Amino acid sequence: MKTYTCTIVGMHCPACEKLIKMNLDDVDGVSHVELNPDTGATDISYDESVCGIEDLVQAIHDSGKYEVKEW
């Protein structure tokens, strides 16, 4: 299990957080998503044998006009 840590820019409310979390939870291999809508700080736990960072970033982009900044 790995954790991908990033900042999601463009989250403005709990609805944004819910949508992004729902899309990430739908990615096979994702086991836990921790989001802070105020700061954009995000930790995603995932099984790297099932999915990769590109899958996680794609799920975030598919949620709307959000930008992913890696730490």
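This is a guided tour of a predicted model, with a suggestion at each stop of what to select next.

**Stop 1: the sheet**

Begin with the strands. Select S1 (2-9), S2 (30-35) and S3 (41-46), then add S4 (67-70). These four strands form an open sheet, and their order across it is S2-S3-S1-S4. The pairing is antiparallel. Strands of a sheet pair through backbone hydrogen bonds, either parallel or antiparallel.

Which strands stand at the edges? They are S2 and S4. Each has a single partner strand, so one side of each is left without a neighbour in the sheet. Viewed along the sheet, the twist from one strand to the next averages 30°.

**Stop 2: the S2-S3 hairpin**

Keep S2 and S3 and hide the rest. The two strands run antiparallel and are joined by five bridges. For one facing pair, select valine 33 and isoleucine 44: the valine stands opposite the isoleucine, which is in S3.

Now add the turn. S2 and S3 make a hairpin, with five residues between the strands. Glycine 40 lies in this turn, and its phi is positive, about 85°.

**Stop 3: helix H1**

Select residues 14-25, which make up helix H1. This helix has twelve residues. From the first C-alpha to the last it reaches 16 Å, close to the 16 Å expected at 1.5 Å a residue.

Which residues of H1 are buried? Colour Cys16, Ile20, Asn23 and Leu24, which are the buried ones. They cover an arc of only 100° around the axis, which puts them on the same side of H1. Then colour Pro14, Ala15 and Lys18 differently: these exposed residues are on the face of H1 turned away from its buried side.

Bring back the rest of the chain to see what lies over the buried residues. Their cover includes strands S1, S2 and S3, together with helix H2 (53-62). H1 packs on the sheet, where it touches S1, S2 and S3. The direction of H1 makes about 165° with that of S2.

**Stop 4: asparagine 23**

Stay in H1 and select asparagine 23. Is this residue buried or exposed? Asparagine 23 has 19% relative accessibility and therefore counts as buried, since the limit for buried is under 20%. Leaving out residues up to four places away in sequence, asparagine 23 touches Ala59, Asp62 and Ser63.

**Stop 5: helix H2**

Select residues 53-62 for helix H2. Its buried residues are Leu56, Val57, Ala59 and Ile60. They cover an arc of only 155° around the axis, which puts them on the same side of H2. On the other side, look for Glu54 and Asp62, which are exposed.

What covers the buried residues of H2? The cover includes S1, S2, S3 and S4 from the sheet, and also helix H1. Just past the helix, find glycine 64, which follows H2 and has a positive phi, near 150°.

**Stop 6: leucine 56**

Zoom in on leucine 56, in helix H2. With 0% relative accessibility, leucine 56 counts as buried. Show its contacts, again without residues up to four places away in sequence: leucine 56 touches Tyr4, Leu24, Val27, Val30, Ile44, Tyr46 and Cys51. Next, use the distance tool on the C-alpha atoms of leucine 56 and glycine 29. These residues are 27 apart along the chain, and the two atoms are separated by 9.9 Å.

**Stop 7: the salt bridges**

Finish with charged side chains. Side chains of opposite charge can pair when their charged atoms come close. How many salt bridges are there? The count comes to two.

For one, select glutamate 48 and lysine 2, whose side chains meet at 3.9 Å, N to O. This pair links distant parts of the chain, 46 residues apart: glutamate 48 is in the loop between S3 and H2, and lysine 2 is in strand S1. Glutamate 48 is exposed, with a relative accessible area of 52%, whereas lysine 2 counts as partly exposed at 38%.

For the other, return to H1 and select lysine 21 and aspartate 25, which meet at 3.1 Å, N to O. Both residues lie in this helix, four residues apart, about one turn of the helix. Lysine 21 is partly exposed, with a relative accessible area of 32%, and aspartate 25 is partly exposed at 36%.

Key:
Residues are numbered from 1 along each chain as its sequence is written. This is a predicted model: local features need pLDDT of at least 70, side-chain atom pairs count only at pLDDT 80 or more; totals for chains, interfaces and linings use all residues. Side-chain values use heavy atoms; hydrogens and water are left out. The expected span of a helix is 1.5 Å times one less than its number of residues. Buried means under 20% relative accessible area, exposed over 50%, partly exposed in between (1.4 Å probe, protein chains only). The arc is that of the directions from the helix axis to the C-beta atoms. Contact means heavy atoms within 4.5 Å. Two strands pair if DSSP finds at least two bridges between them. Axes are lines fitted to C-alpha atoms, for helices over the stretch in contact, and angles run from 0 to 180 degrees between N-to-C directions. A salt bridge is a side-chain nitrogen of Lys or Arg within 4 Å of a carboxyl oxygen of Asp or Glu.
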